[in-house]
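Biologist: I should like to learn how a protein model is read, feature by feature. May we begin with the surface and then work through the rest?

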Amino acid sequence: QAAYDRVRRAKKEAAARTQKLDEKRKKVKLDLEAREREAQSQENEEEEVRITRSLEEEIIRLREEGSRQLEEQQRLIREQIRLEREQHSRGKQERNGAEGKVTPKLKLRWKCRKEDETGGGYSKDVLLQILQKYGDVLNLLVSSRKAGSAVVEFATVKAAEMAVQNEVGLLNNPLKISWLEGQPQSRPSTVLPDSTRTSQASVVSERDYESLVMMRMRQAAERQQLIEQLQREDEEEKSHT
């Protein structure tokens with residue numbers, strides 16, 4: 001009997017130990033599951049925080065990008081307005097400059113009687129040949145009302161100045177050239193009065209003066225020959241007709 005009781009007691013103790021182990025295992029298991037749930041919950045919270053932060057950062061980025069795009073559009077619009085204003089201002093200045101620009105014009109005078117069919121030796125073609133050696137002639141108007149008078153318009157002031165300074169016309173019927181319009185004001189006229197010419201003539205050597213006179217006489221003679229040739233050709237054409 002005693003042995004049987006020991007066996008039963010041993011079984012009960014073993015069952016009790018097994019139950020305690022089961023309870024410990026269950027508790028450990030529950031603890032592990034709780035820890036896992038807690039860790040999972042914490043991980044989920046951290047993931048939500050990361051997602052929320054990412055969304056906030058993306059919203060901020062989109063706002064900044066939209067702001068930059070808006071600023072760029074505004075900058076482009078301002079630049080376009082500035083360019084249009086500059087073009088308008090430049091066009092206005094060019095128009096004003098074109099309106100205010102005056103081409104140089106000279107008045108030509110020479111001796112001529114009204115009944116003189118040769119015009120004192122100066123026809124439009126002759127005047128053009130005389131004047132074009134100084135530069136481009138834009139217009140030449142020979143007066144039909146007032147004999148011995150014409151107006152020439154040069155393309156440049158330099159050409160007009162050279163004509164005023166140097167041209168004397170035909171030897172037997174000199175030209176008188178004076179400014180009509182467009183005379184430069186920034187520097188004094190290159191046409192000197194008689195008193196100044198006389199005072200400066202003493203500075204020029206006699207040889208230079210003679211060379212200048214001879215050159216002008218040759219030019220005048222050549223022009224006179226050309227005019228006479230043109231007149232003969234005109235007379236021959238009239239006789240043939």
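Biologist: How many Å² does the protein expose, and what percentage of it do carbon and sulfur atoms supply?

Modeller: Please bear in mind that this is a predicted model. The protein exposes about 19400 Å², and carbon and sulfur atoms supply 50% of that area.

Biologist: What percentage of the residues count as buried?

Modeller: A residue counts as buried when its relative accessible area is under 20%. Of the 241 residues in this protein, 16% are buried.

Biologist: Which helices and strands should I look for, and in what order do they run?

Modeller: The protein has 5 helices and 6 strands. Read from the N terminus, the elements follow the order α-β-α-β-β-α-β-β-β-α-α. One of the helices is H1, which spans residues 2-100.

Biologist: How should I read the contacts between residues that lie apart in the sequence?

Modeller: One takes the contacts between residues at least 6 apart in sequence and asks what share of them join residues at least 24 apart. In this protein that share is 64%.

Biologist: Which residues of helix H3 are buried, and which strands do they pack against?

Modeller: Helix H3 covers residues 157-166, and its buried residues are Ala159, Ala160, Glu161, Ala163 and Val164. The buried residues of H3 pack against three strands: E1 (105-109), E3 (149-154) and E6 (176-181).

Biologist: I should now like to turn to charges. What can side chains of opposite charge do when their charged atoms come close?

Modeller: They can pair. In this protein the count comes to 11 salt bridges. One of them joins Glu72 and Arg75, whose closest N and O atoms are 2.7 Å apart.

Biologist: Why are Glu72 and Arg75 separated by about one helical turn?

Modeller: Glu72 and Arg75 are separated by about one helical turn because they are 3 residues apart in helix H1. Glu72 is partly exposed, at 36% relative accessibility, and Arg75 is partly exposed as well, at 39%.

Biologist: With which residue does Arg82 form a salt bridge?

Modeller: Its partner is Glu79, and the closest N and O atoms of the pair are 2.4 Å apart. Arg82 and Glu79 are 3 residues apart in helix H1, so about one helical turn separates them. Arg82 has a relative accessible area of 36% and is partly exposed; Glu79, with 30%, is partly exposed too.

Biologist: Are the partners Arg113 and Glu115 buried or exposed?

Modeller: The cut-off for an exposed residue is a relative accessible area over 50%. Arg113 has 57% and is therefore exposed, and Glu115 has 58%, so Glu115 is exposed as well. In the salt bridge between Arg113 and Glu115, the closest N and O atoms are 3.4 Å apart. Salt bridges may also share partners, as they do where Glu58, Arg61 and Glu65 are joined into one network.

Biologist: Which residues form a negative surface patch, and which form a positive one?

Modeller: A patch of this kind is made of residues of like charge that have no salt bridge. Glu43, Glu45, Glu46 and Glu48 form a negative surface patch. Of these, Glu43 is in helix H1 and is partly exposed, with a relative accessible area of 45%. A positive surface patch is formed by Arg109, Lys111, Lys146 and Lys176. Lys176 lies in strand E6 and counts as exposed, at 63% relative accessibility.

Note on methods. Residues numbered from 1 in each chain as written. Predicted model: local features only at pLDDT ≥ 70, side-chain atom pairs only at ≥ 80, totals over all residues. Heavy atoms only, no water. Helix = DSSP H or I, 4+ residues; strand = E, 2+ residues; numbered from the N terminus. Buried < 20%, exposed > 50% of the residue type's maximum accessible area, 1.4 Å probe, protein only. Contact = heavy atoms within 4.5 Å. Areas by Shrake-Rupley, 256 points an atom, 1.4 Å probe, with all protein chains shown as cover. Patch = residues over 30% accessible without salt bridge, like charges linked within 9 Å, V, L, I, M, F, W, Y side chains within 5 Å. Salt bridge = Lys/Arg side-chain N within 4 Å of Asp/Glu carboxyl O. Lys, Arg positive; Asp, Glu negative; His and termini not counted. Charge placed at Lys NZ, Arg CZ, Asp CG, Glu CD.
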